[in-house]
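Student: I should like to understand how the descriptive terms for a structure are justified. May we examine one together?

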Amino acid sequence: MNDAAQQSVTVWPLVLFFASAMGLVGLMIGLSSILGGRHNEKLGNEPFESGIRPTGSAHRRFSVQFYLVAIIFVLFDLEVVFVFSYAIAAPALGWAGYGAFIFFLGMITLGLIYEWRIGALNWAPKAPRQMRLEAIEINRARNLRGESTIDAGANHSPTLDQS
Amino acid sequence: MQIVAILAPLIVTATIVLTIGAVAFTRSHRIMAGLSSTGLVLALLGLIPASITVPIQVTPLYIVDGFGLFYMALILIAALISAILAYAYFETQSDYRAEFYILLLCATLGALSLVVCSHLASLFIGIELVSVPLYGMVAYAYRDSVSLESGLKYMILSGVASAFFLFGMALMFAASGSLTFTHIGQNPGGSQLLLLGVGMLVVGLAFKLSIAPFHLWTPDVYQGAPGPASTFLATVSKVAIFAALLRFFQTSPVAQNAWLHVLIIALAFISMLVGNLLALRQNNLKRLLGYSSIAHLGYILTAIAAGGPLAATAVGVYFAVYILTSLGAFGVVSVVSSPFTGTEASDLSNYRGLFRHQPTLAVTLAVMMISLAGIPITFGFIGKFYALLVAVNSGLWWLVAALIIGSAMGLYYYLRVTFILFGAYEGDAQKSLTESSSRTAIMALSLLAALVIALGIYPTPLIDLVNVAGIAVPA
């Protein structure tokens, strides 16, 4: 009805935009694949024809520590967003707002203390004593068993369950 | 007045702050478990002064009423039992035990806020606050790849369900210009958009509740999660989300829609049949309980489909049944198995002849199974009776048929477990359960079994309580 008519009026530029965007991209890729020449050479298929040769795979393993650092960074970085938005409205919010904000900062600080105490801020955290002892045990067992068990150990150390 | 009304969630919040502070300085398992269970008990006591103030609107987001307080009590009891089970379960683990209690408390806080929400925004915050700590809890036995796998499955699928939920919220806001339950569907415009939105909301909630076409994650996650986490997932998160769904359907004008009514009936019908059929040939007790929870959610959904004043009573009674029996059943599994002293003992063969060496646990599990099957003199019978009553009262004969067929199928697999418990014992030496932590858990579980039988014989006090705890409709 009226509602539907109004909707179609506001929607058609979006549809047009979508269609023209798809059309333009399709035209660019389609034309160049039809008109452009094709050559199948060893170096020609590499990502950077004139740059450094790619080595290895992108699926590399890297230290889980990077992930932890990234997460902590995002957490405390997001806090700044709240600080800024509070700063804009600080006079209007008055003392009640100040109290609430101090509470929020206190919680963040508590989180920081927690992370500090569990060793998340150290690049090579000191594991709890029990875990260190277990790790030594696992390494010893692995070394004793030799090369053949490395795959099983890398997956999920089954020795833990037996101990 | 408003502060008194939300005393219980405030106490839980304070406990969370306290436990995070404490864990930075001491990692004593006993202190953490003690601190969190004390907080939960205090929150339970905090419901008593709150009951004088209800019903009261606390900010536009929450409405605290008798209904909310009743479900808060159920949630706090379930969380307390989960904490006791966790104490027994993680006692033998050597590292990082304390964080489980923080996650458990956070999820409990989310559940507490869910049962009193009157606004889609608070509903979403509550659901996320329940779900996000649960990812961690499900994957908590992280050295066991099964636990990690189930945590990952739950996280990804749950994220998809949340996306559905959010999109539904956006559509409903577009159609009705408000996110308050009582305003959605009030004005007649944009009804198709509104129905699409409600449909997506139902998809998101049905996923979290593992109602039948959205149930596929349930058995895997229940099986892989550590015992106390499965217990929490099967009780607290289910109750909280279902209470929010019930409040939405009872207070929002959009729920009057006939099409939505058919949708709920179809979901209930499919859940009852699928859950029971899939449970028939299960040999893993945790998976069996997962499928049976799908069927039980179908029974409870019958009450929502029926609607009317009796529906809230039926849901309340059935959820009290479901909570007590699920806590007991999952609790026994959790006590019997601890992955840090061996593999998780959830296969039915692990329970063959349990009565010979752990008579208390075996009798508890048997009582819970009989109650889940709905046999008289247990509380389960009362719950099933109420579900049948509301279905017959509103003439939903398809659902009545599914309920009867489902219960008949249920008898087979529940009683099969019971027979196995009392069968001949032929296993090797089991985990010794003489530690004090396990003894506390066993004591709590046998108390639950006694309660299930006592309420089965004399259910009047609980039914009265549920009848008093009505949903308040804000003006």
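**Terms and their grounds**

Tutor: Helix α13 (residues 309-336) of chain B and α16(B) have axes that come within 9 Å and cross at roughly 155°. The model is predicted: local features need pLDDT of at least 70, side-chain atom pairs count only at pLDDT 80 or more, and totals for chains, interfaces and linings use all residues. Residues are numbered from 1 along each chain as its sequence is written, while chains are lettered from A and ligands numbered from 1 in the order in which they are written.

Student: Why are α13(B) and α16(B) called roughly parallel or roughly antiparallel to each other?

Tutor: Angles under 35 degrees count as roughly parallel, over 145 as roughly antiparallel, 65 to 115 as roughly perpendicular and the rest as oblique. The axes of α13(B) and α16(B) cross at roughly 155°, and the two helices are therefore roughly antiparallel. The axes are lines fitted to C-alpha atoms, for helices over the stretch in contact, with angles from 0 to 180 degrees between N-to-C directions.

Student: Which residues make the contact between α13(B) and α16(B)?

Tutor: Among them are Leu310(B), Val317(B) and Leu324(B) of α13(B), and Phe379(B), Tyr386(B) and Val390(B) of α16(B). Two residues are in contact if their C-beta atoms, placed from the backbone, lie within 7 Å. By class, this contact has 13 nonpolar, 5 polar and no charged residues. Ala, Val, Leu, Ile, Met, Phe, Trp, Tyr, Cys and Pro count as nonpolar, Asp, Glu, Lys and Arg as charged, and the others, Gly among them, as polar.

Student: What makes α10(B) and α12(B) roughly parallel to each other?

Tutor: Helix α10 (residues 227-251) and helix α12 (residues 285-306) of chain B pack at an angle of about 15°, with their axes 12 Å apart. That angle falls under 35 degrees, and α10(B) and α12(B) are therefore roughly parallel. Their contact has 8 nonpolar, 2 polar and 2 charged residues.

Student: Is Gly328(B), in helix α13 of chain B, buried or exposed, and how do you know?

Tutor: A residue is buried if 20 or more other C-beta atoms lie within 10 Å of its own, exposed if 12 or fewer, and partly exposed in between, with C-beta atoms placed from the backbone. Gly328(B) has 26 other C-beta atoms within 10 Å and is therefore buried. Gly328(B) and Met368(B) are 40 residues apart in sequence and 6.3 Å apart in space, C-alpha to C-alpha.

Student: Why do Ser210(B) and Ile377(B) receive the labels they have?

Tutor: Ser210(B) has 25 C-beta neighbours inside 10 Å and so counts as buried. Ile377(B) has 13 such neighbours and so counts as partly exposed. Ser210(B) has a positive phi of about 50° although it is not a glycine, and phi of Ile377(B), also a residue other than glycine, is near 65°. Most residues other than glycine have a negative phi. Ser210(B) is in the loop between α8 (191-209) and α9 (218-224) of chain B, and Ile377(B) is in the loop between α15 (359-373) and α16 (379-393) of chain B.

Student: How many helices and strands has chain A?

Tutor: Chain A has 5 helices and 0 strands. Helices (H or I, at least four residues) and strands (E, at least two) are DSSP runs, numbered from the N terminus. Buried residues make up 0% of the 163 residues in chain A.
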